[in-house]
Amino acid sequence: MPDANSLYGPLDPAPDAGWVEAGPRVGFFTDTSVCIGCKACEVACKEWNDVPASGFDLLGMSYDNTGALTANSWRHVAFIEQPRPAGHRTPPFDGNPTGAAVSPATAAVAAGVGNDTGTDPGVPPGEPRAAARMAAGPEFLGLPGAQPPGRGTGAESRTDFRWLMMSDVCKHCTHAACLDVCPTGSLFRTEFGTVVVQEDICNGCGYCISACPYGVIDQRKGDGRAWKCTLCYDRLGAGMTPACAQACPTESIQFGPLDELRERAAQRVTTLHERGVPEARLYGHDPTDGVGGDGAFFLLLDEPEVYGLPPDPLVTTRDLPKMWKRAGLAALAMAAAAVAAFVGGSS
């Protein structure tokens, strides 16, 4: 029975794609509660997949230096900074980075993608307010010390600032709109249930980019082709763990059979709730959501919008059959009207 949110197909994507002896579906579970923002996953992804070097410059808004998932950043470690008004705080850093790029070559590479990362080689100098804030001296931001904040001096001294870190990646949706709209077959479903782009077949039409409900897929301006995470398809075929999960030092990125990961994630949420973290929640794990569940899902510590994720993603091709039906009926009506006008005029 086709799912209501899909263009076609059941909820088991690999057999639906024609794989007769497909194994269990695999994917990622990213536990953001233990992500330390080290970016090892970003580096490992670039090294293994030979993704062009970029992201060497800070964006002037946080320690995030890649900004978004792009054709040149298949993993993106987001730094979400959440200050709370305290009266004594200086104005937020709202200017552009000053001075020349650390590496003009890589800055140019970072600017050569479709998604906006905030990197723009040769940006004008920052506003005076930003410079004044930097000149005001050091400011305590809750960085780790000998003990966790407030452990040694009491709760009243705890910081009013926190970081939420998350390693974002392609979701490898169960109902992937990018697959539905690709005219060349460049995008295909693997025997592992993942979605991969064959760059040698991609014609650069860009349909997949507008179809993705997460804004993951991106084009390189140099050749126009689409690029994204492949979940290390070549490594999976050799029985290896994807490079990002292999490199993660805290096991924030976990790889394995999707059913096992969902069970593990549910247990982790229960544990966090018991430890006094009621805001912990799962995102993308539900097979009944608007995309049939994601092959890469997350444990979040705030609303999805805080992390730049859509709160209720929906496969964008869901209404295509109805749209084509209505277009056909409209065309028939116009043809009938034209025939009637011709017959009436001739009589």
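Helices here are DSSP runs of H or I spanning at least four residues, numbered from the N terminus. With that in hand, the account of this predicted model can start at helix 9, which covers residues 258-274 and holds Arg262.

Arg262 is a bit of an oddity. The residue is buried, yet no salt bridge goes with it. The nearest side chain of opposite charge belongs to Asp259, 4.0 Å away. What does Arg262 touch, leaving aside residues up to four places away in sequence? The list runs to His285, Pro287, Gly293, Asp294 and Phe297.

Helix 9 also has a sheet to lean on. That sheet is an open one, built from 4 strands in the order 8-1-10-9, with mixed pairing. Its edges are strand 8 (253-257) and strand 9 (281-283), each of which pairs on one side only. Ignoring direction, neighbouring strands of the sheet are turned by 25° against each other on average. Helix 9 packs on this sheet and touches strand 1 (26-31), strand 8, strand 9 and strand 10, while its direction makes about 135° with that of strand 8. As background, strands of a sheet pair through backbone hydrogen bonds, either parallel or antiparallel. For strand 9 and strand 10 (residues 296-300), the arrangement is antiparallel, with 3 bridges joining them. Within that pairing, Arg281 has Leu300 of strand 10 as its bridge partner.

Next come the charged pairs. How many salt bridges does the structure hold? The count is 4. One of them brings together the side chains of Asp31 and Arg268, at 2.9 Å from N to O. This pair ties distant parts of the chain together, since Asp31 sits in strand 1 and Arg268 in helix 9, 237 residues apart. Helix 9 thus turns up again, having already been seen to touch strand 1 through its packing on the sheet. Asp31 has a relative accessibility of 3%, so it counts as buried, the cut-off for that label being under 20%.

A salt bridge also joins the side chains of Lys171 and Asp168, at 3.0 Å from N to O. Are these two buried or exposed? Both Lys171 and Asp168 are buried. The side chains of Arg225 and Asp223 meet in a salt bridge too, with an N to O distance of 3.0 Å. Here the burial label changes: Arg225 is partly exposed because its relative accessible area is 24%, and Asp223 is likewise partly exposed, at 38% relative accessibility.

Backbone angles give a few more things to look at. Generally speaking, most residues other than glycine have a negative phi. Against that background, His172 has a phi near 50°, a positive value in a residue that is not glycine. His172 belongs to the loop between strand 3 (161-168) and helix 5 (177-181). With a relative accessibility of 2%, His172 counts as buried. Cys232 is another such case, with a positive phi of about 50° although it is not a glycine. Where does Cys232 lie? Its place is the loop between strand 7 (226-227) and helix 7 (233-237). Cys232 counts as buried as well, at 6% relative accessibility.

A positive phi also shows up at Asp50, near 55°, and this residue follows helix 2. Helix 2 itself spans residues 40-49, and its buried residues are Cys41, Glu42, Ala44, Cys45, Lys46 and Asn49.

Finally, there is helix 3 (residues 104-111), in which Thr106, Ala107 and Ala110 are buried. Why do these residues line one face of the helix? Looking down the axis of helix 3, the buried residues fall within an arc of 105°, so they end up on one face. Some of this is plain helix geometry: an α-helix has 3.6 residues a turn, so residues three or four places apart point the same way. On the face of helix 3 turned away from its buried side are the exposed residues Pro104 and Ala105. Ala107, on the buried side, has a relative accessibility of 2%, so the buried label applies. Its C-alpha atom is separated by 6.1 Å from that of Ser54, although the two residues are 53 apart along the chain.

Notes:
Residues numbered from 1 in each chain as written. Predicted model: local features only at pLDDT ≥ 70, side-chain atom pairs only at ≥ 80, totals over all residues. Heavy atoms only, no water. Helix = DSSP H or I, 4+ residues; strand = E, 2+ residues; numbered from the N terminus. Buried < 20%, exposed > 50% of the residue type's maximum accessible area, 1.4 Å probe, protein only. Lys, Arg positive; Asp, Glu negative; His and termini not counted. Contact = heavy atoms within 4.5 Å. Arc of directions from axis to C-beta. Pairing = 2+ DSSP bridges. Axes fitted to C-alpha atoms, helices over the stretch in contact; angles between N-to-C directions.
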